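Here are a few exercises to work through at your own pace. Have the sequence and the 3D view open, and try each task before reading its solution.

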Amino acid sequence: MTHDSLTIIRHEHRALSAMLRSITLLLREHRRHGTLPDFDALQAMLFYVDEFPEKLHHPKESRLLFPKLRGRSVQTDAVLDRLEREHAHGECAIRELEHALLGFRTMSGTAQCEMRRDKFEQLMRHYADFYLAHMHVEETQILPLAESVLSAGEWAELDAAFLMNRDPLAGHEAEEPYKPLFRTIVAALHGCGNLGSVLEAFAGTALPMYADDAPAPRRPRP
Ligand SMILES: [Fe+2]
Ligand SMILES: [Fe+2]
């Protein structure tokens, strides 16, 4: 049986993965061409990561799901401890990333430009690798465990809580106040020439709503 809370977690993971991969691809394209990235778009992307995955998705797991799985085995508790530490680390890491982007943007007209670009790209790669590994552990160890041990009552409680606090861009039509943010991000991804699965994964059913006012996707370069 599929539970709403698990579907929401998986959608939000897909959205975060897509965003992290998109930022990495965008940066790689600009480095390859020796150009500066669209800083407004990059800021919008990091704002998204900070606003929803960091402030909404990870706290939901820490407050609602993980406590229901605690105390079942020493191994499970060790995995949950690791994931909790990573949630806490993520909050610091996103601040560091946002500062590095500000440094890159502010100093991009000076001799420090390439040094600042290197620093931001390095932090971004670490952050992306870190969270992709984190979500892999959740999807391969924690979600299957939850599916096998939680009761119907616990699922009802979790599903209600997750449905009330979901990422406004992941897996459903974007909520009204976030549509401009979503448009900025979609436009930047079109510009980078690397779309396909990342965009599809990012917004789920929200994407077709923007077909009329977003530029046509360019095919990935061979
Ligand atoms: Fe998590
Ligand atoms: Fe997660």
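**Exercise 1. Find which residues of α1 meet which residues of α5, then describe how the two helices cross.**

Step 1: D4, S5 and I8 in α1 meet L158, D159, F162 and L163 in α5. Here, a contact means that two C-beta atoms, placed from the backbone, lie within 7 Å. Helices are DSSP runs of H or I with at least four residues, and strands are runs of E with at least two, numbered from the N terminus.

Step 2: Two packed helices are described by the angle between their axes and the distance between the axes. The axes of α1 and α5 (residues 152–164) come within 7 Å and cross at roughly 40°. Axes are lines fitted to C-alpha atoms, for helices over the stretch in contact, with angles from 0 to 180 degrees between N-to-C directions.

Step 3: Angles under 35 degrees count as roughly parallel, over 145 as roughly antiparallel, 65 to 115 as roughly perpendicular and the rest as oblique. The helices α1 and α5 are therefore oblique to each other.

A word on conventions: residues are numbered from 1 along each chain as its sequence is written, while chains are lettered from A and ligands numbered from 1 in the order written. The model is predicted, so local features need pLDDT of at least 70 and side-chain atom pairs 80 or more, whereas totals for chains, interfaces and linings use all residues.

**Exercise 2. Check the length of helix α1.**

Step 1: Helix α1 covers residues 4–33, which is 30 residues. The expected span is 1.5 Å times one less than the number of residues, so α1 should span 44 Å.

Step 2: The end C-alpha atoms of α1 are 43 Å apart, which agrees.

Step 3: Just after α1, G34 has a positive phi of about 65°.

**Exercise 3. Count the helices and strands of the protein chain.**

Solution: there are seven helices and zero strands.

**Exercise 4. Decide where the model deserves caution.**

Step 1: pLDDT is the predictor's confidence in each residue, from 0 to 100. The protein chain has a mean of 83, and 80% of its residues reach 70 or more.

Step 2: Confidence is highest in helix α4 (residues 113–149), at a mean of 96, and lowest in helix α7 (residues 197–203), at 56.

Step 3: Over residues 204–222 the pLDDT is below 50, though this stretch has 31 contacts in the model beyond near neighbours in sequence. Where pLDDT is low, the predicted coordinates should not be read in detail.
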